[in-house]
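Here is a short, friendly tour of one model, from its core and helix packing to its ligand shell and a few backbone details. Have the structure open as you read.

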Amino acid sequence: MDCHFLAVANQKGGVGKTATAVNVAAALAVLELDTLLVDLDPQANATGNLLNTAGTPGIADVLIDDVELQRVVRLTGRKHLSIAPGNSRLSSYIPKTRTELREKILPSSTRYRFVVLDCPPALGGSTVSALASCDEIVVPVQAEYLALEGLSSLITAVNRVRDGLEPVKTRYLLTMFDGRNRLAKEVEADLRRHFGGSVSRVVIPRSVRMAEAPGFRRTIFEHAANSGVADAYATFAKEVAVDVGR
Ligand SMILES: Nc1ncnc2c1ncn2[C@@H]1O[C@H](COP(=O)(O)OP(=O)(O)OP(=O)(O)O)[C@@H](O)[C@H]1O
Ligand SMILES: [Mg+2]
């Protein structure tokens, strides 16, 4: 079966991209689906969340210097979950072709059922290559003022980057959601009105357990397995897996 490439992207900063990439990848691994997390952010937060060693060599060496992917992939100590680390070199990456990222991962694709791409908060080289290289885009959305305005520039970028490529599924995911906040509920309603079935029924709650987990280098399943937020990420990952027939 083919390997499914999932890009987690939103050019807005701090909306829960890395939390989503790490915990969706971890949830897929719990489902015994071999998953490679690729950290495309020069800040390398996903790498720091899972490993206690530096992100060198990393995916930048694959993209910039044509190093073979398997020479940079690390085990994470978690079954079914590997990572291609990120580091600051990624900020100077300029894709040589639009789908270079996909082409460089494809020789390893029989090893993985899912490749999860954690994008930086910008529409630069690594985000563009992730958007062009993926089969599906997951867009974490924080339910706050102007959230939807930011999405229209993302959609414009996706349409430009994907011009001439296969259409791509986009799945919106509300993150850090506080159901007691009236504005959050209004933004949720707006998002569902605009994007209908492309918005996941699953909503990720705001939880201090999520804010804590990266500091302990834990996924939410390791830090607070029985929390509502762990449940939400597990349910969302199942939705993704079922939709692609895994
Ligand atoms: N559901 C949640 N509840 C509470 N805190 C959260 C939740 N999800 C993420 N956070 C915290 O919010 C902050 C931003 O999350 P994260 O790093 O995932 O966002 P990001 O979109 O990847 O940011 P950047 O744009 O800088 O890459 C982090 O400190 C993270 O631990
Ligand atoms: Mg991030």
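Two residues are in contact here if their C-beta atoms, placed from the backbone, lie within 7 Å. With that in mind, please remember throughout that this is a predicted model.

**Two helices that cross**

Let us begin with helix α1, residues 17-30, and helix α10, residues 228-243, which pack with their axes 9 Å apart at an angle of about 70 degrees. Angles of 65 to 115 degrees count as roughly perpendicular, so α1 is roughly perpendicular to α10. On the α1 side, the residues that meet the partner helix are Asn23, Val24, Ala27 and Leu28. Facing them from α10 are Tyr233, Ala234, Phe236, Ala237, Val240 and Ala241. Sorted by class, this contact has nine nonpolar residues, one polar residue and no charged ones.

**The nonpolar core**

What is the size, in residues, of the largest nonpolar core? The largest core has 76 residues, and those with the most contacts inside it are Leu6, Ala7, Val116, Leu117 and Tyr233. Helix α1 supplies the largest share of this core, with 10 residues. As a general point, nonpolar side chains tend to be buried together in soluble globular proteins.

Leu6 is a good residue to click on. Leaving aside neighbours within four places in sequence, Leu6 is in contact with Phe114, Val115, Val116, Leu117, Cys134, Glu136, Val138 and Val240. Among these partners, Val116 and Leu117 are also on the list of core residues with the most contacts, while Val240 is one of the α10 residues in the contact with α1.

Ile204 offers a second view of the interior. Ile204 sits in strand β8, residues 199-205. Is Ile204 buried or exposed? Ile204 counts as buried because 26 C-beta neighbours lie inside 10 Å, and 20 or more are needed for that label. Beyond the four places on either side in sequence, the contacts of Ile204 are Gly16, Leu173, Leu174, Thr175, Met176, Phe177, Val229, Ala232 and Tyr233. Of these, Tyr233 also belongs to the α10 side of the helix contact described above.

**Around the ligand**

Ligand 1 is surrounded by 20 residues, and the closest are Lys17, Thr18, Ala19, Pro121 and Met210. Which elements each supply at least two residues of this shell? They are α1, β7 (169-177) and α8 (208-212). Helix α1 gives the most, with three residues. By class, the shell has 10 nonpolar, seven polar and three charged residues.

Helix α8 is also the place of Glu212. Glu212 counts as partly exposed because 13 C-beta neighbours lie inside 10 Å.

**Backbone details in the loops**

Three loops deserve a look. The peptide bond from Thr56 to Pro57 is cis, with omega near -5 degrees, and Pro57 lies in the loop between α2 (45-50) and α3 (59-65).

The other two loops each hold a non-glycine residue with a positive phi. For Asp66, phi is near 60 degrees, and this residue falls in the loop between α3 and β3 (74-78). Asp66 is exposed, as 10 other C-beta atoms lie within 10 Å. For Leu146, phi is near 70 degrees, and its loop runs between β6 (136-142) and α6 (147-161). Leu146 counts as exposed, with 9 C-beta neighbours inside 10 Å.

**Distances in sequence and in space**

The pairs below set separation along the chain beside the distance between C-alpha atoms.

| Pair | Apart in sequence | C-alpha to C-alpha |
|---|---|---|
| Arg182 and Pro95 | 87 residues | 42 Å |
| Glu212 and Arg192 | 20 residues | 30 Å |
| Ile204 and Gln142 | 62 residues | 9.6 Å |

Arg182, in the top row, is found in helix α7, residues 182-195. Is Arg182 exposed or buried? Arg182 is exposed, because 9 other C-beta atoms lie within 10 Å and 12 or fewer earn that label. In the bottom row, the buried Ile204 has its C-alpha atom separated by 9.6 Å from that of Gln142.

Note on methods:
Residues are numbered from 1 along each chain as its sequence is written. Chains are lettered from A and ligands numbered from 1 in the order in which they are written. This is a predicted model: local features need pLDDT of at least 70, side-chain atom pairs count only at pLDDT 80 or more; totals for chains, interfaces and linings use all residues. Axes are lines fitted to C-alpha atoms, for helices over the stretch in contact, and angles run from 0 to 180 degrees between N-to-C directions. Helices (H or I, at least four residues) and strands (E, at least two) are DSSP runs, numbered from the N terminus. Angles under 35 degrees count as roughly parallel, over 145 as roughly antiparallel, 65 to 115 as roughly perpendicular and the rest as oblique. Ala, Val, Leu, Ile, Met, Phe, Trp, Tyr, Cys and Pro count as nonpolar, Asp, Glu, Lys and Arg as charged, and the others, Gly among them, as polar. A residue is near a molecule or strand if its C-beta atom, placed from the backbone, lies within 6 Å of it. A nonpolar core is a set of buried Ala, Val, Leu, Ile, Met, Phe, Trp, Tyr and Cys residues joined through C-beta atoms within 7 Å.
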